[in-house]
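Here is a short briefing on one protein chain. Look at the structure first, then work through the points by topic.

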Amino acid sequence: IATIDAECRSFITTGYTGTFTINRSLSIGDGTVGNFTLGSGMTFNGQSFRVISFKSTVGTNNVTTNGIAIPCQVNFDGIGGTWQLQDAITVNGDVNSISVTNGTLNTNGVTVTSLNFVVPGTGTLTLGASSISLTTTSTVWNFATGATLNSNTSTINITDTSVTAKTIILGGKTYNNMSVTSGGTGVVTFSGATANTFNTLTLAGPKSVRFVAGQTQTFTSFVADGTAGNLVTIDSSLAGTAATYSDAAGTNALTYCSLQDFAATGGATWTAASSTNVSGNSGITFLVVGGGSTTTSTA
């Protein structure tokens, strides 16, 4: 059994089959190129509020987990450094599971599973074709306006079935695909001082989702699908003041939703079938389907 605190250039445990525990912190590549490789046969014990810090300020540094989950916080923090994931990574530490404070993290198209993801400073996150799965409550995604996001062809999946609210702070960036597909009664709030752009945003019910009042989010496709008795509820952060949803072309066909203060615009056709028109909606046609016929009302 190995229990350590250390600063090292690289950390490689290939062939190690014992148990490894970080006492407080592990710092890798301070000022130099520093690679990180876990042995596929090892056991990595969890410890509350332990941190692995990637500190390189030069070159490209590789991170390889070989299927071993990392049970502590992971922080990428080296001005000028780049870290590239070599295989799928699961991080399930406390508080901020993955953070990119400085430097560049390239997820390199692999699958990333974490409680949450934070880019608080001037770091750069490049996602490629990665699928990012985030499962915590509270603030699940927190992207600073001063940081850089290269979303590429990625998908960010927000999943959780709890009653606790979630916050997604978007940072005024351009996202590829994002989905909120879990149940649970906690409200998911899309937050931030600046509007954002999405390729496809998918909301699946039952779920309550809230957007910033007076702010315009832009989409290529907006998908919201609940089921009978399990609606996707969409409203704004201030009752009586609409959030705006803009799409330039095509059709966005929502089903089994409850909409309040929902202003659809941008040239696309917006419809909501078998949905509830609460109040303050505009630019969207409500379709009532039943008895072999369809009736419409435009908000």
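Strands β22 (residues 207–211) and β24 run parallel, and five bridges join them. This is a predicted model, so keep that in mind as you read on. Strand β24 covers residues 232–236 and pairs on with another strand, β27 (residues 257–260).

**Parallel pairing around β24**

- Ser208 has Thr233 in β24 as its bridge partner.
- β24 and β27 also pair in the parallel sense, this time over three bridges.
- Thr233 has Ser258 in β27 as its bridge partner.
- Thr233 therefore appears in both pairings: it partners Ser208 and it partners Ser258.
- Is β24 enclosed or open? Four of its five residues are buried, so the rest of the structure largely encloses this strand.
- Cys257 lies at the start of the range given for β27, residues 257–260. Cys257 counts as buried because its relative accessibility is 0%.

**Parallel pairing around β17**

- Strand β14 (residues 131–134) runs parallel to strand β17 (residues 155–158), and four bridges join the two.
- Ser131 stands opposite Thr155 in β17.
- β17 is also joined to strand β19 (residues 174–180) by four bridges, again in parallel.
- Ile156 stands opposite Met178 in β19.

**The nonpolar core**

- In soluble globular proteins, nonpolar side chains tend to be buried together.
- How many residues does the largest nonpolar core have? It has 69.
- Phe117, Trp141, Phe190 and Phe222 have the most contacts inside this core.
- Take Phe190 and set aside its neighbours within four places in sequence. Its contacts then include Ile168, Leu170, Met178, Val180, Leu201 and Leu203.
- Phe190 also touches Val209, Arg210, Phe211 and Val212.
- Met178, one of the contacts of Phe190, is the residue in β19 that stands opposite Ile156.

**Val212 and its surroundings**

- Val212 lies in the loop between β22 and β23 (216–225).
- Leaving out neighbours within four places in sequence, Val212 is in contact with Phe190, Ser191, Gly192, Ser237 and Ala243.
- Where is Leu38 relative to Val212? The two are 174 residues apart along the chain, and their C-alpha atoms are separated by 42 Å.

**A buried threonine**

- Thr21 lies in strand β3 (residues 19–28).
- Is Thr21 buried or exposed? Its relative accessibility is 6%, so Thr21 counts as buried.
- The side chain of Thr21 makes a polar contact of 3.4 Å with the side chain of Asn45.

**Positive phi angles**

- Ser138 is not a glycine, yet its phi is positive, near 65°.
- Ser138 belongs to strand β15 (residues 138–143).
- Ser138 counts as partly exposed because its relative accessibility is 47%.
- Tyr256 is not a glycine either, and its phi is also positive, about 50°.
- Tyr256 sits in the loop between β26 (251–255) and β27.
- At 30% relative accessibility, Tyr256 counts as partly exposed.

**Cysteines**

- How many disulfides are there? The count comes to zero.
- Why does Cys72 form no such bond? The closest cysteine sulfur, in Cys8, is 13 Å from the sulfur of Cys72, which is too far for a bond.
- Cys72 has 2% relative accessibility, so it counts as buried.

**The whole chain**

- The chain has zero helices and 32 strands.
- Along its principal axes, the C-alpha trace spans about 70 × 35 × 30 Å.
- Of the 299 residues in the chain, 47% are buried.
- Consider the contacts with a separation of 6 or more. Residues 24 or more positions apart account for 40% of them.
- The chain exposes about 11,600 Å², and carbon and sulfur atoms supply 49% of that area.

Conventions:
Residues are numbered from 1 along each chain as its sequence is written. This is a predicted model: local features need pLDDT of at least 70, side-chain atom pairs count only at pLDDT 80 or more; totals for chains, interfaces and linings use all residues. Side-chain values use heavy atoms; hydrogens and water are left out. A nonpolar core is a set of buried Ala, Val, Leu, Ile, Met, Phe, Trp, Tyr and Cys residues joined through side-chain atoms within 4.5 Å. Buried means under 20% relative accessible area, exposed over 50%, partly exposed in between (1.4 Å probe, protein chains only). Contact means heavy atoms within 4.5 Å. A polar contact is a pair of N or O atoms within 3.5 Å; within protein, one must be able to donate a hydrogen and the other to accept it, and residues adjacent in sequence count only if both atoms are side-chain atoms. Two strands pair if DSSP finds at least two bridges between them. A disulfide is a pair of cysteine sulfur atoms within 2.5 Å. Accessible areas come from the Shrake-Rupley method with a 1.4 Å probe; for residues, only the protein chains shown count as cover.
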